[in-house]
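Here is a friendly walk through a protein model, meant for someone opening it for the very first time. Keep the 3D view at hand and follow along.

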Amino acid sequence: MRRYVLSRCGQAFPVLFGVTLITFLLTHVALGDPVRVMMGQRADPEVVARIRAEYGLDKPLWHRYALYMGKLLVGDLGYSYRQGRPVSETLAERLPATVRLAVAAMVVAVVLGMAAGIVAAIRHNTGVDLLMMTLSLLGISTPVFWLGMMLILLFAVSLGWFPISGYGDGAFGHLVLPALTLGALQAGYIARMTRSALLEVLRQEYVRTARAKGLKERVVILKHGLRNGVLPILTLVGISLGDLLVGAPLTETVFAWPGLGRLLVAAVGNRDLPVVLGATLLFALIYLGANLVVDLAYALVDPRVRLAE
Amino acid sequence: MRNGSLLTIQDLQTHFFTGEGVVRAVDGVTLSVRPGETLGLVGESGCGKTVTALSILRLIPNPPGRIVGGTICFEGRDLLRLPEEEMRSIRGCAISMIFQEPMTSLNPVFTVGEQVAEGIRHHQKVSRREAWDRAVEVLRRVKIPDPARRAYEYPHQLSGGLRQRVMIAMALALGPRLLIADEPTTALDVTIQAQIVDLLMGLQEEMQMAVILITHDLGVIAETADRVVVMYAGRVVEEASAEQLFETPLHPYTQGLLESLPKLETGKRHRRLTAIPGLIPNLLDLPTGCKFAPRCPKVIGDCWPTEPELREIRPGHWARCILA
């Protein structure tokens, strides 16, 4: 097991290297000249040239990449152009809010999604099934920013149950609407996957054996059924985490949530290249970590995976 | 129908409602099992043996299946009228069942010890520890070597024969009065088959339980059964003691089944096996008269218009054939 974890961590390095290369190229080519954005089009060419030299932007692209990687290897993410302080500091400051939102959204997605999926599977081919699957389709197809605004209109503006936006120093009430918004999409996917996985498992002969033992239907479905059906759901949860991070910038913007996503959106707007790079790298790292955890969870759930290694 | 029986099935009707029409998988089956006896239930695939067995435990998948008529009396109670909760307390306890395929019938993600202990814990409300100890004891009883260690293993770590022993352990853990064994040896190697049959019969004697042995293997029936019920197209076509059935089979279908068995006879080593001509009938489109008529070598004109009744031809020997 330990060898497996180590080899998986080893595989992460080439992936992270690729992420830095692609992000570096894209940001430097596509986002344009950060100094021009900062100083405006009519700035004194001499001043522009001086600032550019100061940031090392006058050097060829490969040279700049080499410099960046050199620093990155010793854990230096560089300085933010905008804030004039280390990128790592900025990221560390924003990370907790994003993690909080992502975890809350994941809980929403797993709880709502699996509950809807289980109900739909048990009431297979009935009105309840149809209702659950329609809701899940809505969850999947509704754009995040639109759903966020509708939830604000209904629950914050009209009903006044939750605050409209902001972090509220970590108050629980502030977390509810953003988590619902961000979790809705994944809840839809998880509901559909749970339903089909459970329907497949409930056809298996060992489920009949469990019933023949005289077990309660609840035990048959939740223990014998779900334990076997949970594998594809786990995979989906791993992939979902990536989508939660991608969805975070929109949700964080709608709800003025001080997380990494909003930082990233602002940094792209400001052409704050070191922050863009740093945040992207951090997203990639979280994504890789989450998938490793999912793979290890596989081994916990299924003894056949454990022994195959 | 007969007194002193443990289980009496009267006119059981189990139908499957499919898109193409109603499949009468079991259509008017009547049979009974006495305490401690072994009843062989024989017939080709699809004749309704398994559906009859699953009907007893009310495990017919619904939809599409439903028990639409008849009674199943077990120890004086009609199982078909029991509330679900009472039925659950009978399943795995007073009546238990073992299935054909031990690989797919065991849950791959739980240890075999847990799968045996689970039923004990559920029915007798004992602690986890005690249920586990008793599970190990049952595994020892079905002659699994080193049961204390094997209990921690998963189904895929065991051989086919050991898996079927686990299935038997699971079924016998609570000392049932009736065991339904649905083709318990079909998926196993021939050498293992004999061991499993011997084990089952030994345990039956020890525990004084009745067994319904479902099989298409007449060899196993000849070795083990006290009485035999032959099914065809969802009906009972013949019922007799094992000796009567093998000595003087009355229904042409039973005769066909016996003739299709390989025999070891000196001097006739190369006798060809006889097969029953034709195919298993389509249950959606059965003939109105005798259901076996289209395949019967002795068919006469009177076989077609109406279906013959199951008649007692000799004491204890029943057949559904006008020629018997």
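Let's start with a bit of vocabulary: an angle between two axes counts as roughly parallel under 35 degrees, roughly antiparallel over 145, roughly perpendicular from 65 to 115, and oblique for the rest. One more thing to keep in mind is that this is a predicted model.

**Two helix pairs in chain A**

Try that vocabulary on helix H1 (residues 2-30) and helix H4 (residues 61-73) of chain A, which pack at an angle of about 135 degrees with their axes 11 Å apart. H1(A) and H4(A) are therefore oblique to each other. As for handedness, H1(A) passes H4(A) in a right-handed crossing. On the H1(A) side, the contact is made by A:Thr20, A:Phe24 and A:His28, while H4(A) brings A:Leu61, A:Tyr65, A:Tyr68, A:Met69 and A:Leu72. Sorted by class, the residues of this contact are six nonpolar and two polar, with no charged ones.

Another pair worth a look is helix H5 (residues 87-122) and helix H11 (residues 260-270), also of chain A. Their angle of about 130 degrees makes H5(A) oblique to H11(A). Here A:Thr90, A:Leu91, A:Arg94, A:Leu95 and A:Thr98 of H5(A) meet A:Leu260, A:Gly261 and A:Leu263 of H11(A). This contact has four nonpolar, three polar and one charged residues.

Here are the two pairs side by side:

| Helix pair | Angle between axes | Distance between axes |
|---|---|---|
| H1(A) and H4(A) | about 135 degrees | 11 Å |
| H5(A) and H11(A) | about 130 degrees | 7 Å |

Stay with H11(A) for a moment. Which of its residues are buried? They are A:Leu260, A:Gly261, A:Arg262, A:Leu263, A:Leu264 and A:Ala267. Just after H11(A) comes A:Arg271, with a positive phi near 55 degrees.

**Chain A as a whole**

Zoom out, and chain A turns out to have 13 helices and zero strands. Its C-alpha trace spans about 85 × 55 × 30 Å along the principal axes. Of the 309 residues in chain A, 38% are buried. Now take the contacts in chain A between residues at least 6 apart in sequence: 72% of them join residues at least 24 apart.

**Where the chains meet**

Next, the place where chain A touches chain B. The contact draws 19 residues from chain A and 24 residues from chain B. On the chain A side, helix H9 (205-212), helix H10 (217-254) and helix H13 (303-308) each supply at least two residues. H9(A) gives the largest share of that side, with seven residues. By class, the side of chain A that touches chain B holds six nonpolar, five polar and eight charged residues.

A handy residue to click on here is B:His122, which is part of helix H4 (residues 112-124) of chain B. Is B:His122 buried or exposed? It counts as buried, because it has 20 C-beta neighbours inside 10 Å. Leaving out residues up to four places away in sequence, B:His122 touches A:Lys213, A:Gly214 and A:Leu215. For a sense of distance, B:His122 and B:Val220 are 98 residues apart in sequence and 33 Å apart in space, C-alpha to C-alpha.

**The nonpolar cores**

In soluble globular proteins, nonpolar side chains tend to be buried together. In this model, the largest nonpolar core has 95 residues, and those with the most contacts inside it are B:Val116, B:Ala135 and B:Ala169. Helix H7 (residues 160-172) of chain B gives the most to this core, eight residues. If you pick B:Ala135 and set aside neighbours within four places in sequence, you'll find it in contact with B:Gly113, B:Val116, B:Ala117, B:Ile120, B:Ala151 and B:Ala173. There is also a second, separate core of 68 residues, and A:Ala102, A:Leu175, A:Val254 and A:Leu260 are among them.

**Two loop residues in chain B**

Finally, have a look at a couple of backbone details. B:Glu75 is not a glycine, yet its phi is positive, near 50 degrees. You can find B:Glu75 in the loop between strand S4 (65-74) and strand S5 (77-78) of chain B. With 14 other C-beta atoms within 10 Å, B:Glu75 is partly exposed.

B:Asp146 isn't a glycine either, and has a positive phi of about 50 degrees. Its loop lies between helix H5 (128-141) and helix H6 (147-150) of chain B. B:Asp146 has 9 C-beta neighbours inside 10 Å, so it counts as exposed.

How values were computed:
Residues numbered from 1 in each chain as written. Chains lettered and ligands numbered in written order. Predicted model: local features only at pLDDT ≥ 70, side-chain atom pairs only at ≥ 80, totals over all residues. Contact = placed C-beta atoms within 7 Å. Helix = DSSP H or I, 4+ residues; strand = E, 2+ residues; numbered from the N terminus. Nonpolar A, V, L, I, M, F, W, Y, C, P; charged D, E, K, R; others polar. Core = buried A, V, L, I, M, F, W, Y, C linked by C-beta atoms within 7 Å. Buried ≥ 20, exposed ≤ 12 C-beta atoms within 10 Å, placed from the backbone. Axes fitted to C-alpha atoms, helices over the stretch in contact; angles between N-to-C directions. Left-handed = near helix turned anticlockwise from the far one by under 90°.
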